[in-house]
Amino acid sequence: MVSNAKRLCQRSLLNDISKWKAILDDDLYQIPTLISMLCCQIIDSKQTSLILKQVNEYFNWQKYKHVKRIYCTTDEQNQQQKIEILLCRSIDTLDKIYPQEFLSKYFHMNNVTTVQIPEKQPLLKWQYEECRKNYWPNLSYRENKYLEQEYSNKKNEINSKEEAIIDMLKQLQTNHAVQSQHCAVVTNSEHEILVATIDYRHEHPLQHCTMIAIDLIAQMSNGGCYHNRKNFLYEFLLSSTVEKPTTNHLCNSYFIYLTHEPCMMCAMALLHSRIAKVYYLETVDYGALGTKYKLHCLKKTNHRFQVYKLQIENEQEQ
Amino acid sequence: MDNTETAQEMSAHHKWMLEALKLARQALEKQEVPVGCVIVHNEKIIADGKNEPVQARNATRHAEICAVDKIVDSYKTNLQEGLKVLSESTLYVTCEPCMMCAGALRLVGLKNVYYGCSNDRFGGCGSVLNVATDVIENYGQELKCVGGIESEEGMRLLKTFYTNTNGNAPQPIDKNKRIKQTTAVDSTEPVS
């Protein structure tokens, strides 16, 4: 679709480029929130199942299902089984939850310890291992393959279609951009380019390239309002092909490629437009998709999307 | 709210908010999410806006953006003058500005904002994030927001809209149906 002659010999630029780096929730980079629990040793290990049943009645464990309540070890010296059980949260008063006689009958009450457990199920394997090693060894965990993959950044290579898109962004910057160097390209999920645009913030403080791109998509289904703004895609086409009518709802399932990380207005505009993926080349200090905020990770909003930043090969991982 | 603000000033805010509510009702009639706003400068409405994402097929056409666009367009030849007017103006909007609009208001320097009901899903003045007053370097001016002006009516309009299901929303994918389809393929019936 894009003329080869017009695609500058900028491939050399791309030689350094390694990957898209997924911008993920901060929760994946830190130990999950911990809460402390009171832990006690059971006197008679044979009665464990009976005790567990009663303990579950006194202090419901539904909320902490990812943590197994019991941990069993064998004492190496006398070959005796030692069973520890989590009774309740440290902030609760033990005597108020359990009757005194129940406690003294079944547990070594002279040795109550506090143990930290993750409040929610660990999301990634490293978090699970870390919690098991340092806090409470008996946790249940289910691997989330998708998250692991995004976290390890293994599958985010730049394909040839994306190379062409990055070429186009660079050309928009050098040949068309007026004052602001911000440019945007919107594609469908097959990487077919639908819209290419530049930034007009010097003429209108709200007409950032992202806002223009969203409006040009609206114009393709006979909506939109910035009719004086041009879709630069046609500058790149060999022949002026007829505009394809789209029946797409907003930017649903579309991808946007940006030279710069979007600001809060643009990022939220993309969220409102139900974008599927956002790719950007450079960060900005007020950026809302990774630098200042991580808008796409918020749990209150009604749409979440994936965000990737270009990572240069020799750039160190943060 | 500022303690020095007199009852008289408060009633003025209500007066402008009633104007914004009129626009919200107009939006409702057009089956848009009912949000309206007015921009007031020197005791005069200099621009108004109502939500129009459905009509424009552009989800960013919120009332605030439409109103700001009107002003910037009318000062096309002298953007600086337009921005000066905006900085001296006050926005009255029936619902808390979303994070996009809060960002937009920062960018144009329209810092005096009075709003009605809060917006738990998208609100940019504290409900979800505090785009309005956070320190964001190189990102315009912080806003002075006051909420809760005629909030019951603003909320009532929104509720009216959402109880009469949103006819413009795309059909949700029925996941139950999807399972049935695959079972139909598995069966011996010929697939057309």
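In what order do the 4 strands of the open sheet in chain A sit? Reading across, the order is E3-E4-E2-E5, and the pairing is antiparallel. Keep in mind as you look around that this is a predicted model.

Let's stay with that chain A sheet for a moment. Strand E3 (70–74) and strand E5 (113–118) of chain A stand at the edges, and each has a single partner strand, so one side of each is left without a neighbour in the sheet. If you step from one strand to its neighbour here, the direction turns by 40° on average, ignoring which way the strands run. Inside the sheet, look at strand E2 (residues 34–41) of chain A, which pairs with strand E4 (residues 81–89) of chain A in the antiparallel sense over 5 bridges. To find your place in that pairing, pick Met37(A): its bridge partner in E4(A) is Arg89(A). As for what holds such pairs together, strands of a sheet pair through backbone hydrogen bonds, either parallel or antiparallel.

Now hop over to chain B, which has its own sheet. This one is an open sheet of 5 strands in the order E2-E1-E3-E4-E5 (chain B), and its pairing is mixed. E2 and strand E5 (144–146) of chain B take the edge positions with a single partner strand each, so one side of each has no neighbour in the sheet. From one strand to the next, the twist averages 20°.

The E2 edge of chain B is a good place to zoom in. Strand E1 (residues 36–41) of chain B and strand E2 (residues 44–50) of chain B run antiparallel and are joined by 6 bridges. The two form a hairpin with 2 residues between them, and Asn42(B) in the turn has a positive phi of about 50°. Right by the turn, His41(B) has Lys44(B) in E2(B) as its bridge partner. You can also spot Val40(B) standing opposite Ile45(B) in E2(B). In a regular strand the side chains alternate between the two faces of the sheet.

What packs on the chain B sheet? That's H1(B), which touches E1, E2, strand E3 (90–95) and strand E4 (112–117) of chain B, with a direction that makes about 140° with that of E1(B). Helix H1 (residues 7–29) of chain B also has a helical partner: its axis comes within 11 Å of the axis of helix H6 (residues 151–163) of chain B, and the two cross at roughly 0°. H1(B) and H6(B) are therefore roughly parallel to each other. On the H1(B) side, the contact uses Leu21(B), Ala24(B), Arg25(B) and Leu28(B); on the H6(B) side, they meet Glu153(B), Gly154(B), Leu157(B), Thr160(B) and Phe161(B). Sorted by class, that contact of H1(B) with H6(B) has 5 nonpolar, 2 polar and 2 charged residues.

There's a second helix pair in chain B to look at. Helix H3 (residues 63–74) of chain B and H5(B) have axes that come within 9 Å and cross at roughly 25°. So H3(B) and H5(B) are also roughly parallel to each other, and their crossing is left-handed. Here Glu64(B), Ile65(B) and Val68(B) in H3(B) meet Cys101(B), Ala104(B), Leu105(B) and Val108(B) in H5(B). Those residues divide into 6 nonpolar, no polar and 1 charged.

As for the record, an unreviewed UniProt entry lists residues 11–136 of chain B as "domain: CMP/dCMP-type deaminase". In the model, that span is 43% helix and 20% strand, and its end C-alpha atoms lie 33 Å apart.

Finally, how do the two chains meet? In total, 28 residues of chain A are in contact with 27 residues of chain B. Helix H8 (209–220) and H10 of chain A each supply at least two residues of the chain A side, and the largest share, 5 residues, comes from H10(A). By class, this side of chain A has 15 nonpolar, 9 polar and 4 charged residues.

Follow H10(A) across and you arrive back at H5(B). Helix H10 (residues 264–272) of chain A and helix H5 (residues 99–108) of chain B pack at an angle of about 150°, their axes 7 Å apart. The two are therefore roughly antiparallel to each other, and H10(A) passes H5(B) in a left-handed crossing. Met264(A), Met265(A), Met268(A), Ala269(A) and His272(A) in H10(A) meet Met99(B), Met100(B), Gly103(B), Ala104(B) and Leu107(B) in H5(B). The contact has 8 nonpolar, 2 polar and no charged residues. Notice Ala104(B): in H5(B) it meets residues of H3(B), and it also appears in the contact with H10(A).

Terms used. Residues are numbered from 1 along each chain as its sequence is written. Chains are lettered from A and ligands numbered from 1 in the order in which they are written. This is a predicted model: local features need pLDDT of at least 70, side-chain atom pairs count only at pLDDT 80 or more; totals for chains, interfaces and linings use all residues. Axes are lines fitted to C-alpha atoms, for helices over the stretch in contact, and angles run from 0 to 180 degrees between N-to-C directions. Angles under 35 degrees count as roughly parallel, over 145 as roughly antiparallel, 65 to 115 as roughly perpendicular and the rest as oblique. A crossing is left-handed if the near helix is turned anticlockwise from the far one by less than a right angle, and right-handed if clockwise. Two residues are in contact if their C-beta atoms, placed from the backbone, lie within 7 Å. Ala, Val, Leu, Ile, Met, Phe, Trp, Tyr, Cys and Pro count as nonpolar, Asp, Glu, Lys and Arg as charged, and the others, Gly among them, as polar. UniProt positions are given in the numbering used here, feature names are shortened, and annotations may be inferred rather than shown by experiment. Two strands pair if DSSP finds at least two bridges between them.
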